[in-house]
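This briefing covers the fold, the nonpolar cores, the internal cavity and the backbone geometry of one protein chain. The structure is shown first, and the notes follow by topic.

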Amino acid sequence: MLEMYLFINPLGAKCYEAEQNILKLAEESSQKFQIRFIPLLNLQSVTKVMSVMNVSGDTLQLRNKVSQILYNAVLDYKAALFQGRNRGHNFLLNVQRQLYVEHKKYSEEVVMRAAKESKLDLAMFEHDRRSKLAVESFREDQRLAAEMNVNTPPSMVVYNLDYLECAVSVENCTSLSSLEELIFGNAAKEFICTKNELHPTYHQLSLKK
């Protein structure tokens with residue numbers, strides 16, 4: 001079984017594309033997966049969101065405002081995940097679809113529509129959105145990204161549960177064909193947790209267990 005960690009900017013268009021591609025591969029494959037979408041909040045994420053939002057200028061005040069929007073989006077996603085991974089994924093994709101297909105701005109209306117359509121318990125969701133548990137879960141995600149040396153979303157880390165001592169990471173994983181090659185093709189046979197030399201596209205990681 002493969003375990004896949006996709007580190008994402010929850011308000012990023014490229015991350016939305018990568019998420020859809022990975023879920024499509026998992027649905028079409030007979031191979032078993034464990035998939036986690038991990039929100040990553042850093043300066044690069046904020047800069048990309050500012051670009052998508054067409055924010056003019058680059059003052060500290062504007063950056064702080066965009067950072068807060070992104071931080072709230074991360075906590076909203078974490079709160080949705082507390083009600084199950086599938087519902088959490090559905091919530092995230094619903095939000096992103098409203099942003100990049102319907103061209104809406106991130107807002108309370110967008111969030112609550114996504115929560116309702118993902119069949120979340122709304123009272124529980126409201127309670128969890130700014131809870132200490134959501135904040136701590138977010139911090140754990142940032143520590144995980146640091147341990148796996150991930151800085152740029154969307155980046156994916158894949159490891160085979162039969163070989164826990166190593167993993168493979170790939171940055172900017174938006175190409176469906178590249179993901180298919182990594183997971184199902186020769187790349188999977190040669191590079192995922194083996195002693196062979198890695199293709200330059202991939203990076204082998206040592207995981208602490």
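The points below begin with the chain as a whole and then turn to local features.

The coordinates are a predicted model. The protein chain contains nine helices and five strands, and 48% of its 209 residues count as buried. Two separate nonpolar cores are described, one of 19 residues and a second of 18 residues.

**Overall architecture**

- Along the sequence, the elements of the protein chain run in the order β-α-β-α-α-α-α-α-α-β-β-α-α-β.
- Among contacts in the protein chain with a separation of 6 or more, 68% link residues that are 24 or more positions apart.
- The protein chain has an accessible surface of about 11,000 Å², and carbon and sulfur atoms contribute 50% of that area.

**Nonpolar cores**

- The largest nonpolar core comprises 19 residues, and Leu11, Phe91, Val95, Leu120 and Phe125 have the most contacts inside it.
- Helix H2 (43-52), H3, H4 and H5 each provide at least two residues of this core.
- A second core, separate from the largest, has 18 residues, including Leu6, Ile35, Tyr77 and Met156.
- Leucine 11 is in contact with Val49, Ile69, Leu70, Ala73, Leu99, Tyr100 and Tyr106, when residues up to four places away in sequence are not counted.

**Helix H5 and its surroundings**

- Helix H5 spans residues 108-117, and its buried residues are found at Val110, Val111, Met112, Ala114 and Ala115.
- These buried residues of H5 pack against H3, H4 and helix H6 (122-128).
- An α-helix has 3.6 residues a turn, so residues three or four places apart point the same way.
- Lysine 119, with a positive phi near 60°, follows H5.

**Internal cavity**

- The count gives one cavity of 30 Å³ or more, and the largest cavity holds about 40 Å³ of space.
- Its lining consists of Pro10, Leu11, Ala73, Tyr77, Phe91, Leu92, Val95 and Tyr106.
- By residue class, the lining of the largest cavity has eight nonpolar residues, no polar residues and no charged residues.
- Helix H3 (60-81) and helix H4 (85-100) each contribute at least two residues to the lining of the largest cavity, and H4 gives the most, with three residues.
- Leu11, Phe91 and Val95 line the largest cavity and are also among the residues with the most contacts inside the largest nonpolar core.
- Tyr77 lines the largest cavity and belongs to the second core.

**Backbone geometry**

- Most residues other than glycine have a negative phi, and most peptide bonds are trans.
- Lysine 119 has a positive phi near 60° although the residue is not glycine; lysine 119 lies in the loop between H5 and H6.
- The relative accessible area of lysine 119 is 61%, so the residue counts as exposed.
- Asparagine 149, another residue other than glycine, has a positive phi near 60°, and asparagine 149 is placed in the loop between H7 and S3.
- With a relative accessible area of 55%, asparagine 149 is exposed.
- Proline 153 and proline 154 are joined by a cis peptide bond with omega of about -5°.
- Proline 154 lies in the loop between helix H7 (132-147) and strand S3 (155-160), and asparagine 149 also lies in the loop between H7 and S3.

Conventions:
Residues are numbered from 1 along each chain as its sequence is written. This is a predicted model: local features need pLDDT of at least 70, side-chain atom pairs count only at pLDDT 80 or more; totals for chains, interfaces and linings use all residues. Side-chain values use heavy atoms; hydrogens and water are left out. On a 1 Å grid over the protein atoms alone, a cavity is a set of points where a 1.4 Å probe fits but cannot get out, and a pocket is an open set with protein on both sides within 12 Å along at least five of seven lines; lining residues have an atom within 4 Å of a point. Grid points are joined across faces, edges and corners, and a volume is the space filled by probe spheres set on the points. Helices (H or I, at least four residues) and strands (E, at least two) are DSSP runs, numbered from the N terminus. Ala, Val, Leu, Ile, Met, Phe, Trp, Tyr, Cys and Pro count as nonpolar, Asp, Glu, Lys and Arg as charged, and the others, Gly among them, as polar. Buried means under 20% relative accessible area, exposed over 50%, partly exposed in between (1.4 Å probe, protein chains only). Contact means heavy atoms within 4.5 Å. Accessible areas come from the Shrake-Rupley method with a 1.4 Å probe; for residues, only the protein chains shown count as cover. A nonpolar core is a set of buried Ala, Val, Leu, Ile, Met, Phe, Trp, Tyr and Cys residues joined through side-chain atoms within 4.5 Å.
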